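Please look through the structure below with its side chains in mind. The paragraphs that follow take up aromatic rings and then charged groups.

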Amino acid sequence: MPPLLSKPHMARWGAWAFAFVFSALYLATRTWVFSYDAFTAVLTTERNGTFPFHPNHLFGNGLGWLFFKGLSLTSGPARALFVFQTVNAVIAGMAVGYFFYLLAVRFSLRAGILGSTGLGLSYAFWSEAVDAGAYASAGLCAVALTGALLQFNKEIGKERRSIEALTTGLLLGAGILVHQMFLLAIPAFLILLGASPVPSVQEKVRPPLFFLIGVFLAGIVPYAVIARFYYGFGIREGLFWFLGPAGPRPNSGILVNSWWQWKVFQNVPPLWH
């Protein structure tokens with residue numbers, strides 16, 4: 001098969017094409033009805049001039065914040081809402097493109113087209129791609145972690161396998177900084193790393209241990225540093241901030257102290273109207 005028509009080559013070009021098309025789609029369909037997370041991040045950025053740290057997604061708006069600060073320094077005052085939305089649209093497009101690449105290389109070009117189109121046009125993903133919140137970045141992290149699961153090689157040597165496990169742990173830890181929900185992915189990687197057919201217990205335990213070290217360094221340590229040195233929390237306050245419901249930031253307030261409620265008879269009937 002000619003190199004230009006090989007599956008990896010077509011998958012790379014297809015990934016760029018999907019990323020461009022879906023980024024343009026999300027930019028063209030930017031919402032004007034924003035989530036609470038988006039508004040709080042924008043108000044914290046514009047009014048206080050500080051980074052919008054949030055216990056559930058510590059660096060979820062990190063890239064948008066950097067672009068906002070860069071534009072403010074080079075081009076004068078910018079609107080954080082527009083910048084965050086624009087960055088999210090591009091990030092979401094990249095997630096769709098990379099998802100196409102993973103499926104096309106691992107399975108087939110047809111699987112890549114169907115899977116990435118389904119992801120990009122789904123309501124759950126599209127609605128977050130056009131918002132200014134943290135979930136576009138979380139979507140890209142989810143695709144990247146899916147790639148890590150698909151591409152993990154059980155046959156490599158033990159030393160390189162430990163390094164790969166550490167690198168994967170660092171990647172997952174970075175994902176936790178984008179959103180805490182990636183804590184739920186830890187068992188999947190531990191099962192994969194511990195299921196290798198190696199004779200000794202030490203070789204079986206070493207990769208999961210290196211993986212957990214990576215998660216701790218990249219995902220837990222930054223939370224501890226922010227809690228202690230930015231907010232001044234002690235251990236108990238820091239754990240509640242990290243694990244408890246996402247309440248208001250210090251010196252601020254919201255109408256309720258969590259994003260869910262158990263008023264079933266009030267919440268369910270409107271679904272049929």
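Counting rings of Phe, Tyr and Trp (its six-membered ring) as a pair if their centres lie within 6.5 Å, one arrives at 12 aromatic pairs. In one of these, the ring centres of Phe53 and Tyr230 are 4.9 Å apart and the planes stand at 75 degrees, so the pair is edge-to-face, the word for planes over 60 degrees apart, whereas those under 30 count as stacked and the rest as tilted. This contact joins distant parts of the chain, since Phe53 lies in the loop between α2 and α3 while Tyr230 belongs to helix α10 (residues 201-230), 177 residues apart; helices here are DSSP runs (H or I) of at least four residues, numbered from the N terminus. Phe53 is buried at 8% relative accessibility, and Tyr230, at 40%, is partly exposed, where buried means under 20% relative accessible area, exposed over 50% and partly exposed in between (1.4 Å probe, protein chains only).

The model is predicted, with local features needing pLDDT of at least 70 and side-chain atom pairs counting only at pLDDT 80 or more, while totals for chains, interfaces and linings use all residues. Residues are numbered from 1 along each chain as its sequence is written, and side-chain values use heavy atoms, leaving out hydrogens and water.

Turning to charge, the structure holds 1 salt bridge, meaning a side-chain nitrogen of Lys or Arg within 4 Å of a carboxyl oxygen of Asp or Glu. Its partners are Glu46 and Arg79, whose closest N and O atoms are 3.2 Å apart. Glu46 is in helix α2 (residues 36-48) and Arg79 in the loop between α3 (62-75) and α4 (80-106).

Notes: Helices (H or I, at least four residues) and strands (E, at least two) are DSSP runs, numbered from the N terminus.
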